[in-house]
Amino acid sequence: MHRPDTARRLVLDRFVAADDDAKQRIARVIRHLEALDRTKAWALEGRSSLYDFCTEDRQWSLGQTAIRVQVALAGRRVPRVFDMLDTGELSVSSAAALAPMLGELDAGEAAALLDAARGLSKRAIGELLAERYPKPDVPDRVRKVPQPRPMGPTTGALALVPPGEAAPSPVAVRPACAVERSSTSTGRGRDAAPAPRERVQPLAADRFEVRVTVSRATRETLRAVQALMSHRKAAGLEAVLDEALGLLHDKLVKEKFGVGRARSGTRRPGLRPAASAELPDRASVPAAVRAEVYERDGGACTYVDPVSGRRCGERRWLQIDHIVPRCRGGKPTAGGLRLLCGPHNRLIARQILGDAFMDSKLGTR
Ligand SMILES: [Zn+2]
C-alpha cells in the first residue's frame, strides 16, 4: 500500500545493531563483575565495598549496581544465565527479575524456568513467575503514608486488592528502598533486590496487586462509595474499582467512538479504558461509523509492521484514520477508516505525505 520506508527502517536497524552490541558488552561486564565480587579485587582500589567501588569509581547508579550485582550472583549460581545474556536470550533486567526465584530452585527447575523465560521482557517474566509460582491475594489495605519531607498533601496509600483471607504478600510490604549494600557483597541467599517500581504486580495467572497513593478527597469518595455499596455482597476495593472502571470505560468509549453502553461485569475481555485523546475528525465521521470502526478493529491500533507482521494493538491515543487521506479524496465510511494510535497515525501520514510536508505543517504550530 505504501512505498517501503527504507530510510526509517535503516535508522531502526542501526539502533537495534548498536543495542545488541551494548547488550553483549554488558553481558561481558557482568561476568567480570561476578569475578570481581568473588575475589574481592575491588578492595585493591581502597574501597570498602563492591557497591562503593561500582558507584564511586565506576560511576554506576545505585539501581544499576544493584541490578547488575543481582544478575552476577544469579549467574554464579546458575551459569546458564551468563550464556543467555551473551546470546541476547535474556536481558539484564529480565535476568534480574528471575534472580530471586532462581535462588530458590534446584538445577532442573532453574533450567526449566530459563527455558520458559527465553526472549521475554521483564514484564512478561513477572507474569510468567506469577503463573508458575502464584502468590496469594493480598488483603485490602488503606493506610496513611508518611508526609513527604517538604510539604505535600495528606495522602493515603491504597493497596487495591480483593478482600481475602490470605496473608499479605511480602511484595506488598517491601519497602520502597530495598537496595541494601551489605547483603549483596556477601553473595548468597537474599540478594539486594531493587524495589519494584511497577505499581501493578502480577500475583498469579489472573490476579494482580495494584498500589496507588491518593488524596484525602479521593479517600473520602472511596469511603462514601463503599458505604453506598455496603448492602452488597462484594463491596471491597476490587468490587469498587471494577465497577468504577467499567463505568468510566464505557463512558469514554461512548464519548470518543459513539459505542453504546455494554453491561459492566460482562465486558469484552481484555478491554481496558481507552485514554482520552482528541479526535480531530470527530465532527466529520458520523458517530455510527466511528462505533463500527471501533468495534471492528477491537478498540486497538491496527498498524501491522510489514516486516515482522506484528500488530501494534495499542489501546491508548487512538484516532480514527482515513486509509486514503481526506485531502486525497478519502471518504468517512467504515471501509475507508481504521483505528490507529497517535504515533502510527503520524508515521503513516509521513509515509504518505512525506517528511518535508509534515515538518512544514507541524513547524507552524
Ligand atoms: Zn499503533
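This report walks through the fold, the cores and a few single residues of the structure above.

The model is a predicted one, in which local features need pLDDT of at least 70 and side-chain atom pairs count only at pLDDT 80 or more, while totals for chains, interfaces and linings use all residues. Residues are numbered from 1 along each chain as its sequence is written.

**Overall make-up**

The protein chain holds 14 helices and six strands. Helices here are DSSP runs of H or I with at least four residues, strands are DSSP runs of E with at least two, and both are numbered from the N terminus. Of the 365 residues in the protein chain, 23% are buried. A residue is buried if 20 or more other C-beta atoms lie within 10 Å of its own, exposed if 12 or fewer, and partly exposed in between, with C-beta atoms placed from the backbone. Two residues are in contact if their C-beta atoms, placed from the backbone, lie within 7 Å. Among contacts in the protein chain with a separation of 6 or more, 62% join residues 24 or more positions apart.

**The nonpolar cores**

A nonpolar core is a set of buried Ala, Val, Leu, Ile, Met, Phe, Trp, Tyr and Cys residues joined through C-beta atoms within 7 Å. The largest one has 34 residues, and Val-71, Ala-74, Val-81, Leu-85, Ala-95 and Leu-98 have the most contacts inside it. Two or more residues each come from α1 (6-39), α2 (50-57), α3 (62-77), α4 (80-87), α5 (92-102), α6 (107-117) and α7 (122-132). A second, separate core of 16 residues includes Val-253, Cys-301, Leu-318 and Leu-339.

Let us look at two members of the largest core. Leaving aside neighbours within four places in sequence, Val-71 is in contact with Ile-30, Val-81, Val-92, Ala-95, Ala-96 and Ala-99. Leu-85 sits in helix α4 and, with residues up to four places away not counted, touches Ala-27, Ile-30, Leu-90, Val-92 and Ala-95. Leu-85 and Arg-28 are 57 residues apart along the chain, yet their C-alpha atoms are separated by 8.6 Å.

**A helix pair**

Helices α5 and α7 pack with their axes 8 Å apart, at an angle of about 20°. Axes are lines fitted to C-alpha atoms, for helices over the stretch in contact, and angles run from 0 to 180 degrees between N-to-C directions. That angle makes α5 roughly parallel to α7, a label for angles under 35 degrees (over 145 is roughly antiparallel, 65 to 115 roughly perpendicular and the rest oblique). From α5, the contact uses Ser-93, Ser-94, Ala-97, Leu-98 and Met-101, and from α7 it uses Lys-122, Ile-125, Gly-126 and Leu-129.

**A hairpin**

Strands β3 (residues 200-204) and β4 (residues 207-215) pair in the antiparallel sense over four bridges; pairing requires that DSSP finds at least two bridges between the strands. Two residues form the hairpin connection from β3 to β4, and Ala-204 stands opposite Arg-207 in β4.

**Burial and two loop residues**

The table sets Leu-85 beside two loop residues. Lys-40 lies in the loop between α1 and α2, and Trp-317 in the loop between α12 (287-296) and β5 (318-322). Neither is a glycine, but phi is positive in both: near 60° for Lys-40 and about 55° for Trp-317.

| Residue | C-beta neighbours within 10 Å | Class |
|---|---|---|
| Leu-85 | 25 C-beta neighbours | buried |
| Lys-40 | 13 C-beta neighbours | partly exposed |
| Trp-317 | 17 other C-beta atoms | partly exposed |
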